[in-house]
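Here are my notes on the two-chain model you asked me to look over. Have the structure open while you read, and take the points in order.

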Amino acid sequence: MNPHVLRPLYAVIGIVVVILIARAFFVPKDFGVGARGYMYGWHRKGDEEEWKKFKIKYMGSEYCKDCHDKNYTSIKKSPHKNIQCENCHGPANDPTSDHYSDHRPKLAIDRSRAQCLRCHFPLPYPTSGRSKIRGVDPDKHNPNIECAMCHNPHYPDLEGSR
Amino acid sequence: MITRREFLKNTVIGIAAATVPLAAVEIIDPKKLFAQEAAEKTKVRWVFLVDTYKCVGCGLCVQACKLENEIPYDANVTRTWVERYVLTKDGRLLADTPKGARDGYATTRIDMGLGKYQDIKKNNIEKAYFVPKLCNQCENPPCVQVCPVGATYQAKDGVVLVDRKWCIGCGYCIMACPYGVRFFHPVYHVAEKCNFCYHRITKGMKPACEMACPFGARRIGDINNPADPVTKIIMNERVSILKEEYGTKPQNYYVGLSREVR
């Protein structure tokens, strides 16, 4: 066969070889077909472990219980018993707060009216649990002051506390 | 020279041989079989159960998710969000999710987009409810199929993950998801999505959204464990899934889902 026909073929083979060599260096060793087969499981295995190592921030009320026993028990007796400490006090393991390591409460407490209005803004929605929660009109009910001025969030029921 | 008889005989044998599946001639290794069976038994398959009757739209789940998973708080992207649906007596359907309901719903006005709002009078409301949304961790995830580089994949426990080091940010998966759960991470510039808080569930903890929910509207479960309370509800009660017609086999089950929800 004429060499002018083969020459481009050699060039193409050369490019393919270069790509294959580059690929061998570039693609991580743990790349392969995972548990879900080629279509859904083609991935770098090490990434699963990397996601597992992601930092946990929300620890749950049980984590606060041992040191903040009094506050833990008071809220558990109130209608707010299902609300986690961290929903208002911020995540306990927040990397910016350093709460645990130097053992000082640096967590920013959300005392805003908006925080209370998440549930206590009245929405008359007949097929949602929202309509069963007692609400106030924020424009009429002591506007511009924090709810916590009168209502203790750990024991919010003013009638009950009297 | 082949005779007609021989030709017909060989044809029949050929067809008969072709119909025998490859599996029939495979030699079964009992050890391998037992190992496979044991692996199947311990296999976890994470699923999610949302009770829309219980959801009050407080948005604490969204807040917790954003802080837990380091999603920029003020960027208008979120791994989970809560939608509000309001159906009026004159047959109109309104839905909104301002900031993904990160700050809850402290207004009766519906956000119509483009700075427009609509207030529905109390006596004009036929029904209204909240629907939390998150990644469905589909059994047939279309987002994974389309990834050209193998940066998104399904782990053996069913959770679809994104490899942040490997993602090239082409956005094909964001287009492919019928549920619109994927978005670009504003910091890492890669595809981002809910992964059921993979770092928490693999350590026996609940996802941040479930932990933050005061009403028990969001729950994670293992569908392969018949004793799991979430599995019992999915198996025995009336639950539905989103966009069944796409064939993606979504694994978030909803209690009290109405047909208006898409």
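1. One definition before anything else: a residue is buried when its relative accessible area is under 20%, exposed when over 50%, and partly exposed in between, using a 1.4 Å probe and protein chains only. On that count, 49% of the 262 residues of chain B are buried. For chain A, 28% of the 162 residues count as buried.

2. Some housekeeping. This is a predicted model, where local features need pLDDT of at least 70 and side-chain atom pairs count only at pLDDT 80 or more, while totals for chains, interfaces and linings use all residues. Residues are numbered from 1 along each chain as its sequence is written, chains are lettered from A and ligands numbered from 1 in the order in which they are written, and side-chain values use heavy atoms, with hydrogens and water left out.

3. Next, the overall make-up. Helices and strands here are DSSP runs numbered from the N terminus (H or I, at least four residues, for a helix; E, at least two, for a strand). Chain B has 9 helices and 12 strands. Chain A has 8 helices and 2 strands, in the order α-β-α-β-α-α-α-α-α-α from the N terminus.

4. How far does the C-alpha trace of chain B span along its principal axes? The answer is about 90 × 45 × 40 Å. Its radius of gyration is 24 Å, whereas a compact globule of 262 residues would come out near 18 Å. That radius is taken over C-alpha atoms, and the globule rule is 2.2 Å times the number of residues to the power 0.38.

5. On contacts within each chain, contact means heavy atoms within 4.5 Å. In chain B, 61% of the contacts between residues at least 6 apart in sequence join residues at least 24 apart. For chain A, 41% of the contacts with a separation of 6 or more are between residues 24 or more positions apart.

6. Now the interface. Chain B puts 61 residues into the contact and chain A puts in 45. About 4,500 Å² is buried between the two chains, with carbon and sulfur atoms giving 59% of that. Buried area here is the accessible area (1.4 Å probe) that two parts lose on being put together, summed over both. Y153(B), W166(B) and M211(B) are worth clicking on: they supply 13% of the area that chain B buries against chain A, more than any other three residues.

7. What about polar links across the interface? The rule finds 4 salt bridges between chain B and chain A, a salt bridge being a side-chain nitrogen of Lys or Arg within 4 Å of a carboxyl oxygen of Asp or Glu. One of them pairs E50(A) with K165(B), with the closest N and O atoms 3.3 Å apart. There are also 24 residue pairs in polar contact across the interface, both residues at pLDDT 80 or more. A polar contact is a pair of N or O atoms within 3.5 Å; within protein, one must be able to donate a hydrogen and the other to accept it, and residues adjacent in sequence count only if both atoms are side-chain atoms.

8. Strand 6 of chain B gives the largest share of the side that touches chain A, with 6 residues. Other contributors of two or more residues include helix 4 (60–68) and strand 2 (81–88) of chain B.

9. Helix 4 of chain B deserves its own point: 8 of its 9 residues are buried. Their cover includes helix 6 (85–89) and helix 7 (113–120) of chain A, along with strand 2, helix 7, helix 8 and strand 11 (218–222) of chain B. Just after the helix, E70(B) has a positive phi of about 55 degrees.

10. Compare two single residues. T88(B), in strand 2 of chain B, counts as buried because its relative accessibility is 4%. Its side chain makes a polar contact with that of D90(B) at 2.4 Å. K29(A) lies in the loop between helix 1 (3–26) and strand 1 (31–33) of chain A, and counts as exposed because its relative accessibility is 76%. The K29(A) side chain reaches the backbone oxygen of A24(A) at 3.4 Å.
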